[in-house]
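The following exercises concern helix packing and burial. Please consult the sequence and the structure shown below, and attempt each task before reading its solution.

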Amino acid sequence: MKKILAIGLAGVLLLGGMGAVAAGGSAGDPLITLRYLTGTYRPALMQAIDEKVAAMGTGEESGRSTLAQLAQQILARAEGESAPGYAHTYQEQRFKEGDVITLEAGSSMVLLAGGARMTVPAGGAVIDLTAGAEVASGAALEESHRYLSGENTVCTVTVTTATAVLAPQGYYAVAESDAVDYNELAAALQAMGVVRGSNISYGSGYELETQPNRVEGLIMFLRLTGQEEAALSYTGPCPFNDVPSWCESYVAYAADRGYVEGYGDGRYGTKDPMTGKQFIALLLRILEYSEEGSTPDFTYNTAISSAKALGVITSGEEQLLSSGTFLRAQMLYFSYYALEAKAKGSSVTLLQELESAGVITDAAEIVAAVENQRLP
């Protein structure tokens, strides 16, 4: 700990010690000799550091912690480590729940999507430049606001939602959590051609922080199962009266094959949020599990528990579906792991079927690169 504090204090004292260094030369010969640096200046500097470290009492742990963080970043940067990053302009990045971004003094951050909270050390200051106000430690970040870490302040930003898009500027470091990496799964599906970005200009267009509507979920499902082209060329009538022309063939095709039903009043519910139960029911239908007869494999109301009993989802995934709002992040999670599922009575996975049909290529390389662990 003392070594870390010494490094941080060295960075601080070096800024204020240039006058002492200059004393090693003269007007006639302003160059500083190596003998002076090693024999006079460095011992004096280290003594000053030792005195300041010794003066820090147990009641100043937050200050010691802040200085330690700064020292670690200075050391890592000096040694060429890759953990600390630097962005000369705001550079958007995707993060996951529990990731912690440390900002050095003078660095700043913008939240573009999702949620995060700011932790400010005692004696430090972070300014919300957009609102023109100081930020309290523990406060939630406001979207599109610019936050500046003040003088002698090393603050941290912790992601509080499943995913978030943040844009740091300046020097920063990231401590990654072991939470589900929905961002990685979205990127893998995009590489397979299953996911296409929206017109949102940030976060790769994934919009993982929003709820999918019933049409978005259906289109995702049809792409996942290699049926999008068939749906686009379908010319049969659409049985619903609330479906826009741009997606009419998708809904008509899915209704014709029994994948979706409306509300019974002529509406499909195009703009209504798709729920986890609805998406899992779609998945079970494409895997050829039946809702018909006296002993159905599942019913709509039991889709989630039946999917667990049938081995299509895990216990952890059942719990995930039963808690919180079903977001695009979760939709892409279940889409990715659906590729491991097998149709009823089959020994072939959905991914193998899609590869055989030429719908997905280079899947082995893409899957091999994914580090995310499925919920047990």
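**Exercise 1.** In this predicted model, determine the handedness of the crossing of helix 6 and helix 9, and describe how the two helices pack.

*Solution.* The crossing of these two helices is right-handed. The contact involves Arg 214, Gly 217, Met 220 and Phe 221 on helix 6, and Gln 278, Phe 279, Leu 282, Leu 283 and Ile 286 on helix 9. By class, the contact residues of helix 6 with helix 9 comprise 6 nonpolar, 2 polar and 1 charged. Two packed helices are described by the angle between their axes and the distance between the axes. For helix 6 (residues 214-224) and helix 9 (residues 276-286), the axes come within 11 Å and cross at roughly 30°. Angles under 35 degrees count as roughly parallel; helix 6 and helix 9 are therefore roughly parallel to each other.

**Exercise 2.** State how many residues of helix 12 are buried, and name them.

*Solution.* Helix 12 spans residues 328-338 and is mostly covered, with 11 of its 11 residues buried. In sequence order, the buried residues are Arg 328, Ala 329, Gln 330, Met 331, Leu 332, Tyr 333, Phe 334, Ser 335, Tyr 336, Tyr 337 and Ala 338.

**Exercise 3.** Locate Ser 107, decide whether Ser 107 is buried or exposed, and list the residues that Ser 107 touches.

*Solution.* Ser 107 lies in the loop between strand 3 (100-103) and strand 4 (108-113). Buried means under 20% relative accessible area. Ser 107 has 2% relative accessibility and therefore counts as buried. Leaving aside residues up to four places away in sequence, Ser 107 touches Tyr 147, Leu 148, Ser 149, Gln 169, Gly 170 and Tyr 171.

Technical notes:
Residues numbered from 1 in each chain as written. Predicted model: local features only at pLDDT ≥ 70, side-chain atom pairs only at ≥ 80, totals over all residues. Heavy atoms only, no water. Axes fitted to C-alpha atoms, helices over the stretch in contact; angles between N-to-C directions. Helix = DSSP H or I, 4+ residues; strand = E, 2+ residues; numbered from the N terminus. Parallel < 35°, antiparallel > 145°, perpendicular 65-115°, else oblique. Left-handed = near helix turned anticlockwise from the far one by under 90°. Contact = heavy atoms within 4.5 Å. Nonpolar A, V, L, I, M, F, W, Y, C, P; charged D, E, K, R; others polar. Buried < 20%, exposed > 50% of the residue type's maximum accessible area, 1.4 Å probe, protein only.
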